Amino acid sequence: MNKKLLIVLLCIFFPIRAAYANGKYDICPMVHVIPERLPDLTIPRSGHSTFYVNGELTVTGGHTTDFVPAPTAEYYTDGTWHPLKMAYTHDNGFAVKTSDNVAVIGGGHEKPLGIGQTFMLERYHADSHSFEGFGCLDRQRVLSSATLLDNGLVVISGNHYATDGIGCFDGSPQVQDTKSVRQDRSNPYILPISSDDVIIFGGNDNYDKHPDTIWVDRIKGEPFHVPLLSQWRPVYTDQPFSSETCCIGEHTYLLTVIDSIGRLGFVEVNDTTFTLLPTTCPVPMRCKFGPIFYKGPIAIDRERSRGYVLGVDSLCRRQYVLSVDYSRSPASLTLYYTDILEHSSITIPVVTPEGDLLLAGGIPNDNYKPIASVWLYHFVTDSPATASIPSGIPLLCLILLILVLMASLIYIILHRRHRHSSSTLPVSQQSRQAYDTLMEQIVRLMNEEQLYLRSDLKVQDVAVALGTNSHYVSDCINSVRGQSFTQFVNVCRIRHAQELLRQPDAKTASVALQSGFSTESSFFRNFKSVTGMTPREWAATQ
């Protein structure tokens, strides 16, 4: 076989072989979807709770136009929203079902404009569509979460601009102040891990700050720290939230998390074990229409082992729904997108009993101007894993066919150039030029995508992203820079760390993790190797 053709085919073969062996593809399928517009809510709302009780879609509380708390609820049946009078207002309060036809709603802002907290607690009886004010929280609360345990106890935690704690409600008029917390939080995740115990944690403290260290509280046992949450922080939700939303099995949950450079990921929580969920491709943070901004927790359809995360563009006009098929390993992703929608917003989605996704109310960009629109996404008839680009062997065959055709074209071009003696450069000089070109691509990729911030970055990841093989990437870096791949990446990380160290009050441990190092000791060792100084010594010279 001609030597040039052999080289071309080998360069194509290795990336395909690696992709086939790993079962991973860097392309997330995109599928166009047209949501159904349902009748609007009776009033515009945000900061409300949306849930199914007694088989009826129900919306409670929140605030309406001009940021005024709404003392009303409404339920949807026979194609119509029916308004109800509540006992109290619950703007950014919590709602939790205590039985098939009863829900408990509590807390919320005391005044318009999102000011203050309240003690208020009431029941909603879905069979009679009536509210009953009956009790008092353990403390004034807003932006708190609540969850029902198997033993019938309701656990409440979270607060905003006020002290936090764990309260327990057994049906009596007074919620009991049960335990203090290691870390105050707003809208925390409260996840039952047994019939009488929960774990509690979150992405924001009670003053909307991201804590340097995320602690996990529980009713039984001492607070503990999860190292994974230092690199992947739980996504904060600024609206009422229930553990039912993210439950994928008995005492098992799937959470959305975000890293220091804004990439979205997923963590599976089982008991007190936190594990990063592998996916077939990275979560797309932008597409042909521009950046995608994801918000809120994942909404789980347990019957179909599928989760949904809502996203929008910068103006909240085009909506995105990222589907996660977690029944597979690695989990497959599909990105659904809409045309530009009028009266669309971002809010916590609800999975309907039929397996569709529903969004009711919310705010596009302004808390003073919530909307009343209701959108329904039909996903049951389509399979997000196969609705767009086929996966597995068919995709591999398609890629192989395209690349073989490309190889044939490249061979013809090279053969003609050789025959007509259009190239007069020595082979060594041609190789050098090829390495220089590849090195420019590697540097551009590292700078634009900041791949070096991934502590688990491998040479194979760079090779696949550039459509070549790992040996070629390693040889190129060694030939052009005189470094191994690891040395090259660590130099990029050190440069990023130096920028962070220039900031006032920069903490070394935090800088190490934000720069892509897996441990602080590795950061110290490599920093001194590259700069000849420790991070503290270098910072003192700036």
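Helices and strands here are DSSP runs, numbered from the N terminus. The model shown is predicted.

**Figure 1. The whole protein chain holds 10 helices and 34 strands.** The chain has 542 residues, and 51% of them are buried. Take the contacts between residues at least 6 apart in sequence: 55% of these join residues at least 24 apart. About 25000 Å² of the chain is exposed. Carbon and sulfur atoms supply 53% of that area.

**Figure 2. L113, I115 and Y368 make a nonpolar surface patch.** The patch covers about 280 Å². L113 sits in a loop. Strand β10 (102–106) lies on one side of that loop in the sequence, and β11 (118–125) on the other. L113 has 44% relative accessibility, so it counts as partly exposed.

**Figure 3. Helix α9 runs through residues 520–531.** This helix has 12 residues. At 1.5 Å a residue, α9 should span 16 Å. Its end C-alpha atoms are 16 Å apart, so the two values agree. After α9 comes G532, with a positive phi near 80°.

**Figure 4. Helix α9 has a buried side and a face turned away from it.** S522, F523, N526 and F527 of α9 are buried. These residues cover an arc of only 125° around the axis, so they lie on the same side of α9. The cover over the buried residues of α9 includes α7 (485–501), α8 (508–514) and α10 (535–540). R525 and S529 are exposed, on the face turned away from the buried side.

Terms used:
Residues are numbered from 1 along each chain as its sequence is written. This is a predicted model: local features need pLDDT of at least 70, side-chain atom pairs count only at pLDDT 80 or more; totals for chains, interfaces and linings use all residues. Side-chain values use heavy atoms; hydrogens and water are left out. Patches are made of residues with over 30% relative accessible area and no salt bridge: like charges are joined within 9 Å, nonpolar side chains (Val, Leu, Ile, Met, Phe, Trp, Tyr) within 5 Å. Accessible areas come from the Shrake-Rupley method with a 1.4 Å probe; for residues, only the protein chains shown count as cover. A salt bridge is a side-chain nitrogen of Lys or Arg within 4 Å of a carboxyl oxygen of Asp or Glu. Helices (H or I, at least four residues) and strands (E, at least two) are DSSP runs, numbered from the N terminus. Buried means under 20% relative accessible area, exposed over 50%, partly exposed in between (1.4 Å probe, protein chains only). The expected span of a helix is 1.5 Å times one less than its number of residues. The arc is that of the directions from the helix axis to the C-beta atoms. Contact means heavy atoms within 4.5 Å.
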